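I opened my notebook to get to know a new structure, and you are welcome to look over my shoulder. Here are my entries, in the order I made them.

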Amino acid sequence: HVAPGPGLAASAKALTKLLKEQFTEDTIKDPKFPRALFLAIVEFITAQTTLQSGPTHAATKEDRDTEKELFTALMPVLARVAAPSADAQVDIIYALQTFCHANKFPKGMIMRMAVYLDDMD
């Protein structure tokens, strides 16, 4: 598990800075970029939490709490590329569906992540 705490917020800020410095606006506005960024974020988070023991593993309260904290810390990064475009937001929802499908729809995952995305608004 990733240890939640102030270091995570600093990492999210560093990722946001990297995004601003290393990616051109054309790259960020590429229709494929928000989906790819979301998948990278969700794969990182779930590998540390709810999918750590495989897709059939039931998420523990600790997993869900850590998952929420990680999403909360990393959502500003995703919001930067998704907020200006309704199409990007639709692509992210589609990516969420395909990610959950590929992982055999772990119990409650799609709903939790949809709530995290909705909270991003």
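Entry one: a side chain and a backbone oxygen. I found a polar atom of the Thr-49 side chain 2.8 Å from the backbone oxygen of Ile-45. I count a polar contact as a pair of N or O atoms within 3.5 Å; within protein, one must be able to donate a hydrogen and the other to accept it, and residues adjacent in sequence count only if both atoms are side-chain atoms. Thr-49 sits in the loop between helix 3 (33-48) and helix 4 (61-82). Thr-49 counts as buried because its relative accessibility is 0%, and buried means under 20% relative accessible area, exposed over 50%, partly exposed in between (1.4 Å probe, protein chains only).

A note on the source: this is a predicted model, where local features need pLDDT of at least 70, side-chain atom pairs count only at pLDDT 80 or more, and totals for chains, interfaces and linings use all residues. Residues are numbered from 1 along each chain as its sequence is written, and side-chain values use heavy atoms, with hydrogens and water left out.

Entry two: helix 3. I read 16 residues in helix 3 and a reach of 23 Å from its first C-alpha to its last, close to the 22 Å expected at 1.5 Å a residue. That expected span is 1.5 Å times one less than the number of residues. Its buried residues include Phe-38, Val-42 and Ile-45.

Entry three: a neighbour. I asked at what angle helix 3 and helix 5 pack. The angle is about 40°, and their axes are 9 Å apart. Helix 3 and helix 5 are therefore oblique to each other (neither under 35 degrees, nor over 145, nor 65 to 115). Among the residues making the contact (heavy atoms within 4.5 Å) are Phe-38 and Val-42 of helix 3 and Ile-92 and Phe-99 of helix 5.

Entry four: two loop residues. I noted that phi of Lys-104 is near 60°, a positive value in a residue other than glycine. Phe-105 has a positive phi too, near 45°. Most residues other than glycine have a negative phi. Lys-104 lies in the loop between helix 5 (86-102) and helix 6 (109-120), and so does Phe-105. Lys-104 is exposed because its relative accessible area is 63%, while Phe-105, at 44%, counts as partly exposed.

Entry five: the whole chain. I counted 6 helices and 0 strands, where helices (H or I, at least four residues) and strands (E, at least two) are DSSP runs, numbered from the N terminus. Of the 121 residues, 37% count as buried.

Definitions and conventions. Axes fitted to C-alpha atoms, helices over the stretch in contact; angles between N-to-C directions.
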